[in-house]
Amino acid sequence: MKKTLLIFSFISAISSYSQKVSVEINPTKYMNTITSNDLTKHLSIVASDSMEGRDTGSKGQKKAGEYLISQYKANKIPFPKGATSYYQKVPAAFLNAKHNENLPDSANIWAYIEGSEKPNEVIVVSAHYDHVGIKNGEVYNGADDDGSGTVALLEIAQAFEIAKSEGHGPKRSILFLHMTGEEHGLLGSSFYSQNPLFPLANTITDINIDMIGRHDEFHNDSSNYVYLIGSDYLSTDLYNICEDANKNFVHIKLDYKFNDRKDPNRFYYRSDHYNFAKNGIPSVFLFNGVHADYHKASDEVDKIEFEPLKKRAQLAFTIAWELANRENRPVVDKSGN
């Protein structure tokens, strides 16, 4: 009997050790699957003239969405449980309710990796895939806004799927959410927050990526930075997770210039994370700042700085990795105001 107990204790100890090792898997290998070459390949398609500027509900935006879905299918990343396709349809009636711009039906696009231990807790990684279309015969390709964030999502999702295929899938579920209608007033994220596939109470964080492929006038000497906005508005834990992910793996400058609540640009309120944050969900916005080509036809792929884009995408991945695998969800300990 004693011998049996000893063996059982030994097996239990080994099992416990294995679980701890699993939690502490270093994400560097998977982070490094996010490459400049892949980002270039995807963005050269998503922000090409053939996508006609990806205006909300347009033929070009639908074509861009089809490309995104083709990549998720190629990487064997499914649409979410509870959904019937990769689309969350957003009806024209909703898109035109506040400001009737005669927008047609559109859709958010979602993909999903289910968590192995806490599947009901969900991390959202978001970016908007719409832009402003064609104006006066010129195609506004929006390579940075937000082609850069759109293709970052593809690469982050692929990195998680590679980890999963090697037995290191996330413990919490991850929803990769490409929003429509951001340029017309955060409409896609507003629709999702009002019609969530997963309860907002179970949504532990939104990591939102909008414009991460260029540098602004405050960083002409180096593009090795990213603005973080909102990480400490609701949760001290989220702020610390972002800081630690950068310190341990990516090593770029985290700039909090626009995190000031008194900042006149009010960037915190101008991208899709806000529709999560206003519902009490800890959210962080990764951003490179505006530049001379912002909302102009000159926001083209040949001006994207792919190495900084890669690093910023890797930072988003390592933040998501920690959130997905840590013992506890980030505590909401602040008001958000």
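Two strands pair if DSSP finds at least two bridges between them. Strands (E, at least two residues) and helices (H or I, at least four residues) are DSSP runs, numbered from the N terminus. The model is predicted: local features need pLDDT of at least 70 and side-chain atom pairs count only at pLDDT 80 or more, whereas totals for chains, interfaces and linings use all residues. Residues are numbered from 1 along each chain as its sequence is written, and side-chain values use heavy atoms, with hydrogens and water left out.

**View 1. Strand β3 and its two partners, β6 and β7**.
Strand β3 (residues 118-128) and strand β6 (residues 172-179) run parallel and are joined by 8 bridges. Within this pairing, valine 122 has serine 173 of β6 as its bridge partner. Strand β7 (residues 203-209) is also parallel to β3, with 5 bridges between them; here valine 125 is partnered by isoleucine 207. Of the 11 residues of β3, 8 are buried, and the strand is thus described as mostly covered. Buried means under 20% relative accessible area, exposed means over 50%, and partly exposed lies in between (1.4 Å probe, protein chains only).

**View 2. The open sheet and its edges**.
The sheet is open and has 8 strands in the order β1-β2-β6-β3-β7-β10-β8-β9, with mixed pairing. Strands β1 and β9 (253-255) form the edges, each pairing on one side only. Neighbouring strands are turned against each other by 25 degrees on average, direction ignored. Axes are lines fitted to C-alpha atoms, for helices over the stretch in contact, and angles run from 0 to 180 degrees between N-to-C directions. At one edge, strand β1 (residues 87-90) pairs with strand β2 (residues 106-113) in the antiparallel sense over 4 bridges, and lysine 89 stands opposite alanine 107. Gln88 and Val90 make up the covered face of β1, while Tyr87 and Lys89 make up the uncovered face. At the other edge, β9 runs parallel to strand β8 (residues 225-229), joined by 3 bridges; tyrosine 225 has lysine 253 as its bridge partner.

**View 3. Helices α6 and α10 on the sheet**.
Helix α6 packs on the sheet and touches β2, β3, β6 and β7. The direction of α6 makes about 150 degrees with that of β3. Helix α10 (residues 306-325) lies across β3, β6, β7, β8, β9 and β10 (283-287), and runs at about 175 degrees to β7. Contact means heavy atoms within 4.5 Å.

**View 4. The crossing of helices α3 and α6**.
The axes of α3 (residues 36-46) and α6 (residues 143-165) come within 9 Å and cross at roughly 130 degrees. This makes α3 oblique to α6, given that angles under 35 degrees count as roughly parallel, over 145 as roughly antiparallel, 65 to 115 as roughly perpendicular and the rest as oblique. Helix α3 contributes Asp38, Leu39, His42, Leu43 and Val46 to the contact, and the residues from α6 include Ala143, Gly147, Val151, Leu154 and Gln158.

**View 5. The cis peptide bond in the region of aspartate 146**.
The peptide bond from aspartate 145 to aspartate 146 is cis, with omega near -5 degrees. Aspartate 146 is found in helix α6. Most residues other than glycine have a negative phi, and most peptide bonds are trans.

**View 6. The surroundings of aspartate 272 and serine 190**.
Aspartate 272 is found in the loop between β9 and α9 (274-277), where it is buried at a relative accessible area of 0%. Leaving aside neighbours within four places in sequence, aspartate 272 is in contact with His128, Met179, Glu182, Leu186, Ser189, Asp206 and Asn208. Glutamate 182 is 90 residues from aspartate 272 in sequence, yet their C-alpha atoms are 6.8 Å apart. Serine 190, in helix α7 (residues 187-194), is buried with a relative accessible area of 14%. Under the exclusion of neighbours within four places in sequence, serine 190 is in contact with Phe94 and Asn275.

**View 7. Positive phi at lysine 76 and histidine 295**.
Lysine 76 is found in the loop between α4 (59-74) and β1, and its phi is near 60 degrees. At 69% relative accessibility, lysine 76 counts as exposed. Histidine 295, in the loop between β10 and α10, has phi near 55 degrees. With a relative accessibility of 30%, histidine 295 counts as partly exposed.
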